[in-house]
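Trainee: Could you take me through one spot in this structure up close? I'd like to see how two helices sit against each other.

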Number of protein chains: 2
Amino acid sequence: MNNLNIPETNQPRIVIIGCGFAGLNLAKNLKKQPYQVVMIDKHNYHTFQPLLYQVATAGLEPDSIAYPIRNIFKKQKKFFFRMAEAHSVDTESQIINTNIGPLSYDYLVIATGSATNYFGMERVEKLAIPMKSVPEALNLRSLILQNFEAASLTENLKERERLMNFVIVGAGPTGTELAGALAELKTHVLPNDYPDLDFRRMSIHLIEMADKVLPPMSDFSSKNALEYLESLGVQVWLNTAVQDYDGEMVKTNQKKKLPASTLIWAAGVSGALIDGFAQGEDFAKGRYLVNKLNQIGQHKNVFAIGDVASMLSDENPKGHPMLAQVAIQQGENLAANLAREAKKKEWKAFTYNDMGSMATVGRNKAVAELYNKFMLKGFAGWYVWMMVHLISLVGFRNRLVVLLNWFINYFSYDRKIRLIIRPVNRHSLAEKELALESHKEALNQD
Amino acid sequence: MNNLNIPETNQPRIVIIGCGFAGLNLAKNLKKQPYQVVMIDKHNYHTFQPLLYQVATAGLEPDSIAYPIRNIFKKQKKFFFRMAEAHSVDTESQIINTNIGPLSYDYLVIATGSATNYFGMERVEKLAIPMKSVPEALNLRSLILQNFEAASLTENLKERERLMNFVIVGAGPTGTELAGALAELKTHVLPNDYPDLDFRRMSIHLIEMADKVLPPMSDFSSKNALEYLESLGVQVWLNTAVQDYDGEMVKTNQKKKLPASTLIWAAGVSGALIDGFAQGEDFAKGRYLVNKLNQIGQHKNVFAIGDVASMLSDENPKGHPMLAQVAIQQGENLAANLAREAKKKEWKAFTYNDMGSMATVGRNKAVAELYNKFMLKGFAGWYVWMMVHLISLVGFRNRLVVLLNWFINYFSYDRKIRLIIRPVNRHSLAEKELALESHKEALNQD
């Protein structure tokens, strides 16, 4: 076994799968510890997911929110990166199998984050657009613009309206922020580009199963966010769940059907799991069940941190929310425990320090809850949201580029990155639709 | 015929194919003229081609050098844009056929620019990497980085060396600038990312058929550019032509064979032609043969401008060089002539005002010839090169973003956009190689 060409040393090897917030903060904090650290990720960059929606809506380029992993760790000795996808783990022989070969470990940390969950609705999975990665966000950017190019071409008013309609499923931070950003495109940007189209016919729908937007946040935040969304013209459907989609019509559990060529899925997430663990004992609702030390089940040297881990407690009977803060803190805690291990000290259980949460809907329109005490909205919330996101970005350059773009976007009321670099192939979507044609009639006749 | 859903007016319709420098400047200058202007382009953005090589070498993101076409013309009434690819022209019935349908015209202007020309070498065409568009530049960026990821994995030293070698064909401005940028990546950036690799084994070869680099420029510029290239470690092969490539070994008309996984084609260009013209009379060396009014052959209302046009004269017996300046001036001249036409005035012949040319090799290393009188090199040439390119960019935002990135790149000696967003599929290249396997042995036995 050539171990992906990584040299053997006499120090234990920690393999970290995934360079999201959890993996990144774990690896950084292992800098001076007596371990060889091997990071694998399918991308060669860390993605700052909270701003993905701005890539999808032509406000930022990928380089603003993505940072090369090798650059982050270039001064860290004993650190190795391999761009690879992990397929399975053999916890007996302590080997993970990747698309570029097997790799042995002494400690394994799974920090693969979350995957989109369509709750078993296959037709929705085939036709809905996810937004969990930079390529997916770029696909969405292309598709939004391609829709309007296509709407300019058709004389069929129903088809034109479908092309101009967007249905977003899930009113968590991602769905809410995306709906707001689309509404601003509708108000300030797209009518200049497509003067022939009647933008009163463009609708943005936000569908949420719960009885409020931003379900994990306080009623204060939810109420204000809903007001902001409605003031921007977003149609919010609470207590509503998607049941089916045929590429043209979104069917919900309410009477309402929404015609739309584009269904954006920002709803369910589950852990991005890797094969090799026992069903049952190692899992809780699609995530790895971990103890307070982030160990998976009975494995002493296999950990899960961040979105992919579910640590049950009295405060969080369903596990912690899938938030960057949890991931960062679990990464830091595990790094501290591995440092303690090297000194034969006792490990410390993870405790979550909830610093609050926030979401922005539009310019000067945001809600922020700091330490669950200070409730901000409007310009104050928006300003705090911006500062916190700017500071959290990796690298001085990215902060500068994001700040410059925000500055230009704010004062110009424009989004200049309306580029269709890689058009999304409508034919491949259409082919899927064709295969589903037989189901379609039944759906429309309900 | 629905004419791509463009309304009929009582003003003559000018259809412009391509929004490069020529088409862009033609359309802008028709703003106040009594014509309906329809622009079609396969991209929804104008590409500032002179800086493509910086996208390919992780110095700039696409949004720095691409600008949405609809935004350029948003204040121009009677202007219509359609994202489409033109397939053929029927000059009898005055219709062009596109991938989204037919479109009638009163005046047709072909401004499609140039296409990569492999001089009939099919194997080279299949395996070489072109760099004429933003997606191609992004492919090259991915491929450069993927090569080093792969080089880290292999224990085969020959394979590793091939992956670390780059052969660039053509020492015009594009090839020269790309070679210099790659050399700077080698010196300042990549060794930090890949500490396990021995960068003395990385070679950058620049192959040129002529007896000097930057063949259209003065001997002063060629000599200095060659010195800069060699000081950066680029190996320049003059009087050399590529004859074959099997994906591993570049064969030239000299004894020398160069092992390299990556062959970048910046050599031949010919016009990007559209079907529908008579062979012979309408063509000159892969470009449309035009008169001094840019009319193609005998057609009074069909024009070619920019790279795709060949206007023969005593000064330029092979047609003008394929330069942005020629394209811009031909676009402006044709706009002025069409304005004269509306007033029934006489048309004026095109004359080229050569303002000079320039090329940059690296930081503080450039050559510039202004009006063929002032010869600059070193820091002065580099400064002028930067200023001219900054001013020439479309849009205030793009200038600001480019300036910011240049500033950061210059002072950090870094290129932070080392992102593999859409990996280039090596398998599809490999399959091609497989099909060519039988030829390979013969080549190596020569």
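Mentor: Sure, let's look at where Thr176(B), Ala179(B) and Gly180(B) in H8(B) meet Ala225(B), Tyr228(B) and Leu229(B) in H9(B). Here, two residues are in contact if their C-beta atoms, placed from the backbone, lie within 7 Å. Sorted by class, the residues of this contact are 4 nonpolar, 2 polar and no charged. For that sorting, Ala, Val, Leu, Ile, Met, Phe, Trp, Tyr, Cys and Pro count as nonpolar, Asp, Glu, Lys and Arg as charged, and the others, Gly among them, as polar.

Before going on, keep in mind that this is a predicted model, where local features need pLDDT of at least 70 and side-chain atom pairs count only at pLDDT 80 or more, while totals for chains, interfaces and linings use all residues. Residues are numbered from 1 along each chain as its sequence is written, and chains are lettered from A and ligands numbered from 1 in the order in which they are written.

Now the helices themselves (DSSP runs of H or I, at least four residues, numbered from the N terminus). H8 covers residues 173–193 of chain B and H9 covers residues 219–231 of chain B; their axes come within 9 Å and cross at roughly 25°. Those axes are lines fitted to C-alpha atoms over the stretch in contact, with angles running from 0 to 180 degrees between N-to-C directions. H8(B) and H9(B) are therefore roughly parallel to each other, a label for angles under 35 degrees. H8(B) passes H9(B) in a left-handed crossing, meaning the near helix is turned anticlockwise from the far one by less than a right angle.

Notes. Helix = DSSP H or I, 4+ residues; strand = E, 2+ residues; numbered from the N terminus. Parallel < 35°, antiparallel > 145°, perpendicular 65-115°, else oblique.
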